[in-house]
Amino acid sequence: MDLATLLAHISDALWSMYFMVPILLIGAIYFSYKTRFVQFRLFGAAINKIKKSGSHATEEDEISSFQAFAIGVAARVGTGNMAGVAIAIVTGGPGAIFWMWVMALLGGATAFIEATTAQLFKVPDEEVKYRGGPAYYLKNQLNKPVLAVVFAATLTFGYVYAMLGLQTNTTATAVANQLSLFNPDINTQAVLLVIGALFAIVTAYVIFSGTKEIAKASTVIVSIMTVLYFGMVTLVMILNITKVPAMLGLIVSSAFSAQSVAGGTLGTIISIGFRRGLVSNEAGQGTSANAAAAASTAHPASQGLIQSLGVFTDTILVCTATAFVLLLSGVDMVGSDGIVLTQTAFETTLGHWSSILLTLSLFFFAISTILGMYYYGQSNFEFIFGGHKYLKWYKVSVVVFIFFSAVVQTQALWNFTDIATAVMALINIYALFRLRKYPMLMLKDYEQQLKDGVEDPQFNAEDYELTKDLELWK
């Protein structure tokens, strides 16, 4: 049995209907119930908070709430929103999209809980004022140093590398496919390596410039890719508006069908939807909590609300947009690389120019995810090694891996990502259940201040006798 096959077996076992799926579903339902579906009730408040937070920090070493949101969105919204959605439909049929929606709508509450917890228990940082996340609250609040290191190591040396590889490889494949239309005899390997080198250079420039530059770049890139991608999607929807009702009916009916495109069962459809949904929106796996902890904000719950919007943005908007294009195009959803299917779908509907523009959008999607994922890796690298010591070697390793990942087998990277995601989600959800009283207290305090007419709620730990390990909030 080769490595790729072994990884596939492990991934399928972890993501069966008897393990990860019920754990994630129960966790998301529980947090939604306990917060009284905060992701829906305070959706408007979250939008307003984003508007007021601004894209610039007030101090040189700070990251604003919006910049933290941009890092989170940048990490979430990547090539998986294009290639991953295609893979989900190929493997689980149109019904997999329905279960991605379920995971996102319920997962918004989980995202709120983990982001608020990370904000509350953040620690000082030499470079950007604050850092934190699951590894930090596992060690400092739950006294679980071993679990904290396992989480941090899985994220830093497993998940991050695999996701970086997927971004580079998927984009390189898309470019090679595009160029082959002009010249069928083109040297594909050479194209892949050139794209790998380009990504490595851009990444090196940004990450060696510092974390603040990552935040600034993420803010700009998220804006550009949103305009490019949704502009094309909107055009596809307009041209196929009469097909939309039938498409929505197909997604819902297929979600409860015992048969999938791949000939699987209902369990397969749900599992694929949840698996691709979690990898895409990150709700519960603990990665985006690292970005949430870095933000300078007046109340932990406000950043929780902002980060819950990231789940909505990623799955309900971007993943759904890709799914609609794929299903409306009528392309044969069998075989081929995920990104090639997405390219074909756009080209079939809009013409060859759209495939070129999609490849450009893909470049921004990939770069944004690489920068966001690198920040997650850096935060946890610093946790493992106690600061910035050796950090430059981690940066070098990331750049080198990005270059060579252009020619790595994509399916092996997807399987490795799924395994790392499952490990992190299990550890993080355990921690969130143990610490659940704290984000609930933050939510209660935040809502009470809103009811009292406070426009921008502030939090003071001394008001709740929570001064232990919370010096930043006194």
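**Helix packing and salt bridges in the predicted model**

Helices α10 (residues 188-207) and α17 (residues 352-385) pack with their axes 11 Å apart and at an angle of about 45°. At this angle α10 is oblique to α17. The crossing in which α10 passes α17 is right-handed. On the side of α10, the contact involves L198, F199, V202, T203, V206 and I207. These residues meet F363, A366, I367, I370, L371 and Y374 of α17. Sorted by class, the residues of this contact comprise eleven nonpolar and one polar, with no charged residue. The model described here is predicted.

A second helix pair is formed by α6 (residues 83-92) and α15 (residues 300-329), which pack at an angle of about 55° with their axes 9 Å apart. Helix α6 is therefore oblique to α15, since an angle over 145 degrees would count as roughly antiparallel, one under 35 as roughly parallel, and one from 65 to 115 as roughly perpendicular. The crossing of these two helices is right-handed. The residues V85, A86 and I89 of α6 make the contact together with C319, T322, A323, L326 and L327 of α15. By class, seven residues in the contact of α6 with α15 are nonpolar and one is polar, while none is charged.

These helices belong to a chain whose secondary structure comprises 20 helices and two strands. The chain has 474 residues, of which 60% count as buried. Contacts between residues at least 6 apart in sequence were also examined, and 82% of them join residues at least 24 apart. An example of residues separated in sequence is given by A291 and Y375, which lie 84 residues apart along the chain and 7.8 Å apart in space, from C-alpha to C-alpha. A291 is located in helix α14 (residues 288-294). The relative accessible area of A291 is 1%, and this residue is therefore buried.

Three salt bridges are present in the structure. In one of them, the side chains of R36 and E447 meet at 3.3 Å, N to O. The two partners come from distant parts of the chain, 411 residues apart: R36 is in the loop between α2 (20-34) and α3 (38-41), and E447 is in helix α20 (residues 437-451). With a relative accessible area of 48%, R36 is partly exposed. E447, by contrast, is buried, with a relative accessible area of 12%.

E447 also forms a salt bridge with R41, in which the closest N and O atoms are 2.6 Å apart. This pair likewise links distant parts of the chain, with R41 in helix α3 and E447 in helix α20, 406 residues apart. R41 has a relative accessible area of 32% and is partly exposed. R36, R41 and E447 are thus linked in a network of salt bridges.

The salt bridge between E382 and R131 has its closest N and O atoms 3.4 Å apart. Its partners also lie in distant parts of the chain, E382 in helix α17 and R131 in strand β2 (residues 129-131), at a separation of 251 residues. Both of these residues are buried. Helix α17 therefore holds E382 of this salt bridge as well as residues that meet α10, including F363 and Y374.

Backbone geometry was considered for two loop residues. R36, a member of the salt-bridge network, has a phi near 55°, which is a positive value in a residue other than glycine. R36 is placed in the loop between α2 and α3. For N143, phi is near 55°, again a positive value in a residue other than glycine. N143 lies in the loop between α8 (134-140) and α9 (145-182). The relative accessible area of N143 is 61%, and the residue is exposed, whereas R36, at 48%, is partly exposed.

Methods. Residues numbered from 1 in each chain as written. Predicted model: local features only at pLDDT ≥ 70, side-chain atom pairs only at ≥ 80, totals over all residues. Heavy atoms only, no water. Axes fitted to C-alpha atoms, helices over the stretch in contact; angles between N-to-C directions. Helix = DSSP H or I, 4+ residues; strand = E, 2+ residues; numbered from the N terminus. Left-handed = near helix turned anticlockwise from the far one by under 90°. Contact = heavy atoms within 4.5 Å. Nonpolar A, V, L, I, M, F, W, Y, C, P; charged D, E, K, R; others polar. Salt bridge = Lys/Arg side-chain N within 4 Å of Asp/Glu carboxyl O. Buried < 20%, exposed > 50% of the residue type's maximum accessible area, 1.4 Å probe, protein only.
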